[in-house]
There are 2 protein chains.
Amino acid sequence: MDAVQDEAAGKRARGLDRAFEILDFLRQKRQALKPNEIAAQIGAPRSSVYELVNLLLSNGILEFTGGEGRVYLGRKLYFLGAAYENHFDFTRECEAALEQLADETRETAQFCMLDGNKYTVVRMREGARPFRISTDIGQSVPIPWTASGRLLVAHLSDQDILNFIPPQDFRLPGGEWLEPQTFLAEVRQAEREGLFTFNSIVDSFTHCFAVPVRGEEGHAAATLCLVTPRDDGIANRDRYLDCLKKAAAGLEHAPARPRRG
Amino acid sequence: MDAVQDEAAGKRARGLDRAFEILDFLRQKRQALKPNEIAAQIGAPRSSVYELVNLLLSNGILEFTGGEGRVYLGRKLYFLGAAYENHFDFTRECEAALEQLADETRETAQFCMLDGNKYTVVRMREGARPFRISTDIGQSVPIPWTASGRLLVAHLSDQDILNFIPPQDFRLPGGEWLEPQTFLAEVRQAEREGLFTFNSIVDSFTHCFAVPVRGEEGHAAATLCLVTPRDDGIANRDRYLDCLKKAAAGLEHAPARPRRG
DNA sequence: GTCATATGTACAATATATTGGACATAGATG
DNA sequence: CATCTATGTCCAATATATTGTACATATGAC
């Protein structure tokens, strides 16, 4: 996805950057691919990709799986990720907060963070309705498409926000153009109020609530969200926001607080 | 830890390898460190480490945390690890197996895998005794020190095993030397019997039971273990082994089976 | 004050990593 | 049969990444 921002052509890419581009691509695809396919789809030289894939395989960062020479993310990444999760020990508290939210509201509750310059759902608890509303965990979504996005960039200056978010991410899935100035105004509003709610701009039937979970630097390290049918969301607005704020208070500082040391 | 096997001096290290050496080192230390400290402790040139750390920071692979310029594993690694875990969806089944083992035996149950050429405890459920026996999750331990180690390398030839395990790993924590031929004989025995049990060679009061969890290639992709006081282990040997085999059967093929595709 | 250690930055030299392109094979298509 | 695509390997050329070294600053010892 960073291929776009390769400086003017003719430059060589650094191995490390391409390596992580490969890893991110596999994560996004969520399936094993052949080196050849990877090269073609991320627009990298085949010889480079073969070289890097072999290096990553020998390090356990990638693994053969799915046959025919296909590779996918490896066990070593699991271990490294587990060490991160263990250090910033937010998992348990996070699950508890989502559990609590789901119990109190019967709606879909999500714990969200930034992944680079995208938004992603880290953990989710589906609501208890006959028709559940849910999203995919771990998929990268443009920041402007989400309520949480307004909160997650609120610590940046307007200019930094515009530099941070890829311009094409202001194009909504329906094709409409979200004016960056409109987005910035909503960011500032979210910052002032410490919350953001709206009828989702990526579909026609959900209402989204987001509140920040502040980390050690005082800005939103993550968000807690509820995704509800529009009617219910609007009808229960105050109660839902109370629940969210309560749950977020329980998490406060947790996502960024090392367990020891 | 791979610094030892740097080919004859005078060679440059490849950035990718050093980068993952840094990541592994941080995982092992389980705390944030300054780039300077990292360089000193892994024996790498300071300028290289600074260069790489900055690259990794800008990719979200590392994060500033702990102040004073200290860095630790970053959020991106958590996402990548979560994608791995999601693909090879063993977590839920694994927890269930450990739960079942803990219920049936009241002993400490572990799920273990190889991490490169070391053994590591991936998940654990502590026993229900007044004095619990437990180990650290995610720490790298020499393969010959463990019962599971006999099973995890059993698919390799004798020669491959000796090439795979660093020679110094046959030195036990007490300083005694475990003869590699003895180890190989135990590996073959474990392979034949589909299990391995012994009075632990790293302490004087535990008995260890290990059975393989076979992956798609048919060899031990992981192990399930019980760690018990010696008396209890020996007294309940048959029952404990039955429990382990039953639990492993429930996991069979799970650790390496992609959820879709 | 001097000296030593810890920490971070800057830069040039050269060892080498990245890359384009040639080559080989297999399968599909017509 | 010829032709095309998909896949993987090999190799030389050169753009550049790694690294030694020098430099800058802060802190503490004495």
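These legends go with close-up views of a predicted model.

**View 1. How the two protein chains relate to each other.** Lay chain B on chain A and you get an RMSD of 0.1 Å, using a turn of 180 degrees and a shift of 0.0 Å along the axis. The two copies are thus related as by a two-fold rotation axis. Looking for the axis in chain B? The C-alpha nearest to the axis belongs to B:Gly81, at 2.4 Å. Both copies use the same surface, and 100% of the contact residues of chain B turn up again in chain A.

**View 2. Helix H3 of chain B and what it packs against.** H3(B) runs over residues 46-59, and its 14 residues should span 20 Å at 1.5 Å a residue; the end C-alpha atoms are 20 Å apart, so the helix agrees with that expectation. Its buried residues are B:Val49, B:Leu52, B:Val53, B:Leu55, B:Leu56 and B:Leu57. Those buried residues pack against partners in both chains: helix H1 (15-29) of chain A, plus helix H1 (15-29), helix H2 (35-42), strand E1 (62-64) and strand E2 (71-73) of chain B. Just after the helix comes B:Gly60, with a positive phi near 80 degrees.

**View 3. The protein surface around DNA strand C.** In this view 18 residues surround the strand, and the closest are A:Gly15, A:Ser48, B:Arg12, B:Arg46 and B:Tyr50. Three side chains of chain B are worth zooming in on. B:Arg46 goes for a base, with a polar side-chain atom 2.7 Å from a base oxygen of DNA strand C. B:Tyr50 has a side-chain N or O atom 2.7 Å from a phosphate oxygen of the strand, and B:Asn36 places a polar side-chain atom 3.3 Å from a phosphate oxygen of DNA strand C. The elements giving two or more residues to this surface are H1 and helix H3 (46-58) of chain A, along with H2 and H3 of chain B. By residue type, the surface splits into four nonpolar, five polar and nine charged. As for the DNA side, 54% of the strand C atoms within 4 Å of the protein belong to sugar or phosphate, and the rest to bases.

**View 4. The protein surface around DNA strand D.** Here 18 residues surround DNA strand D, with A:Arg12, A:Arg46, A:Tyr50, B:Gly15 and B:Ser48 the closest. Sugar and phosphate make up 59% of the strand D atoms that come within 4 Å of the protein. Phosphate oxygens of DNA strand D are approached from both chains. From chain B, B:Ser48 has a polar side-chain atom 2.4 Å from a phosphate oxygen, and a polar side-chain atom of B:Arg18 sits 3.2 Å from a phosphate oxygen. From chain A, an N or O atom in the side chain of A:Lys34 is 3.5 Å from a phosphate oxygen. Helix H2 (35-42) and H3 of chain A, together with H1 and H3 of chain B, each supply at least two residues of this surface. Its residues divide into four nonpolar, five polar and nine charged.

**View 5. A:Ser148 and its surroundings.** This serine lies in helix H6 (residues 147-152) of chain A. Is A:Ser148 buried or exposed? Its relative accessible area is 2%, so A:Ser148 counts as buried. Its side chain makes a polar contact with the side chain of A:Thr223, at 2.8 Å. Setting aside neighbours within four places in sequence, A:Ser148 is in contact with A:Cys112, A:Tyr119, A:Ala210, A:Thr223 and A:Cys225.

Key. Residues are numbered from 1 along each chain as its sequence is written. Chains are lettered from A and ligands numbered from 1 in the order in which they are written. This is a predicted model: local features need pLDDT of at least 70, side-chain atom pairs count only at pLDDT 80 or more; totals for chains, interfaces and linings use all residues. Side-chain values use heavy atoms; hydrogens and water are left out. Helices (H or I, at least four residues) and strands (E, at least two) are DSSP runs, numbered from the N terminus. The expected span of a helix is 1.5 Å times one less than its number of residues. Buried means under 20% relative accessible area, exposed over 50%, partly exposed in between (1.4 Å probe, protein chains only). Contact means heavy atoms within 4.5 Å. A residue is near a molecule or strand if one of its heavy atoms lies within 4 Å of it. A polar contact is a pair of N or O atoms within 3.5 Å; within protein, one must be able to donate a hydrogen and the other to accept it, and residues adjacent in sequence count only if both atoms are side-chain atoms. Ala, Val, Leu, Ile, Met, Phe, Trp, Tyr, Cys and Pro count as nonpolar, Asp, Glu, Lys and Arg as charged, and the others, Gly among them, as polar. Copies are superposed by least squares on the C-alpha atoms of residues with pLDDT of at least 70 in both.
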